[in-house]
Amino acid sequence: MGWIYLLLGGFFEIGWPVGMKLAQTTGLRFLYLALAVVSMGLSGYFLYMAQRTIPIGTAYVVWTGIGAVGTLLIGIFFFHDSASIWRLLSAFLIIAGIISLKLAS
């Protein structure tokens, strides 16, 4: 169950920077800021729940990795952020590091 909590936490970790970006680019500033705050809270709660059974280092790296790579991909696909080879290679290295850490623990 800890890994499900961690995946949910990572998903909500993506929600708060997206909410902040939408608050800057749309007329619904307070709605998206509220979405960001709720996402922050849920993200932290699910990380807390995951750490009951998953070591803190592994949980934190996976949680931030999901948030970082997920936010990067949303930026590329929906906000037209750069998709340079260096950005994609860096995301791949984050994913490779997460997998290596999981295999090592």
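Against which helices do the buried residues of H1 pack? In this predicted model, they pack against H2 and helix H3 (56-78). The overall architecture is described before the individual helices.

The secondary structure comes to four helices and zero strands. Read along the sequence, the pattern is α-α-α-α. The C-alpha trace spans about 45 × 35 × 15 Å along its principal axes. The chain has 105 residues, of which 30% count as buried. Contacts were also examined by sequence separation. Among those with a separation of 6 or more, 67% come from residues 24 or more positions apart. The exposed area of the chain is about 6,700 Å². Carbon and sulfur atoms supply 75% of that area.

Confidence was assessed for the whole chain and by element. The mean pLDDT is 94. A value of 70 or more is reached by 99% of the residues. Helix H2 (residues 29-50) has the highest confidence, at 97. Helix H4 (residues 85-104) has the lowest, at a mean of 91.

Helix H1 covers residues 2-25 and has 24 residues. From first C-alpha to last, H1 reaches 35 Å. That is close to the 34 Å expected at 1.5 Å a residue. The buried residues of H1 include several glycines: Gly-2, Gly-9, Gly-10, Gly-15 and Gly-19. Leu-6, Ile-14, Val-18, Leu-22 and Ala-23 are buried in H1 as well. Glu-13 is also on the buried list of this helix.

Ser-39 gives a view of the contacts made from H2. This residue is placed in helix H2. Ser-39 counts as buried because its relative accessible area is 4%, below the 20% cut-off. With residues up to four places away in sequence left out, Ser-39 touches Phe-12, Gly-15 and Trp-16. One of these partners, Gly-15, is itself among the buried residues of H1.

Helix H3 has 23 residues and reaches 32 Å from its first C-alpha to its last. The expected span at 1.5 Å a residue is 33 Å, and the value for H3 is close to it. Buried glycines appear here too: Gly-65, Gly-67, Gly-70 and Gly-75. Thr-58, Ala-59, Val-62 and Trp-63 are buried in H3. So are Val-69, Leu-72 and Ile-76. The buried residues of H3 pack against H1, H2 and H4. After H3 comes His-80, with a positive phi near 60 degrees.

Helix H4 was examined for its surface. Ile-85, Trp-86, Leu-89, Phe-92 and Leu-93 form a nonpolar patch there, on the surface. Together these residues have about 610 Å² of accessible area. Two patch members were considered singly. Leu-89 is found in helix H4. Its relative accessibility is 36%, so Leu-89 counts as partly exposed. Phe-92 also lies in helix H4. Phe-92 counts as exposed because its relative accessibility is 54%, over the 50% cut-off. Phe-92 and Phe-79 are 13 residues apart in sequence. In space, their C-alpha atoms are 20 Å apart.

Conventions:
Residues are numbered from 1 along each chain as its sequence is written. This is a predicted model: local features need pLDDT of at least 70, side-chain atom pairs count only at pLDDT 80 or more; totals for chains, interfaces and linings use all residues. Side-chain values use heavy atoms; hydrogens and water are left out. pLDDT is the predictor's confidence in each residue, from 0 to 100. Helices (H or I, at least four residues) and strands (E, at least two) are DSSP runs, numbered from the N terminus. Patches are made of residues with over 30% relative accessible area and no salt bridge: like charges are joined within 9 Å, nonpolar side chains (Val, Leu, Ile, Met, Phe, Trp, Tyr) within 5 Å. Accessible areas come from the Shrake-Rupley method with a 1.4 Å probe; for residues, only the protein chains shown count as cover. A salt bridge is a side-chain nitrogen of Lys or Arg within 4 Å of a carboxyl oxygen of Asp or Glu. Buried means under 20% relative accessible area, exposed over 50%, partly exposed in between (1.4 Å probe, protein chains only). The expected span of a helix is 1.5 Å times one less than its number of residues. Contact means heavy atoms within 4.5 Å.
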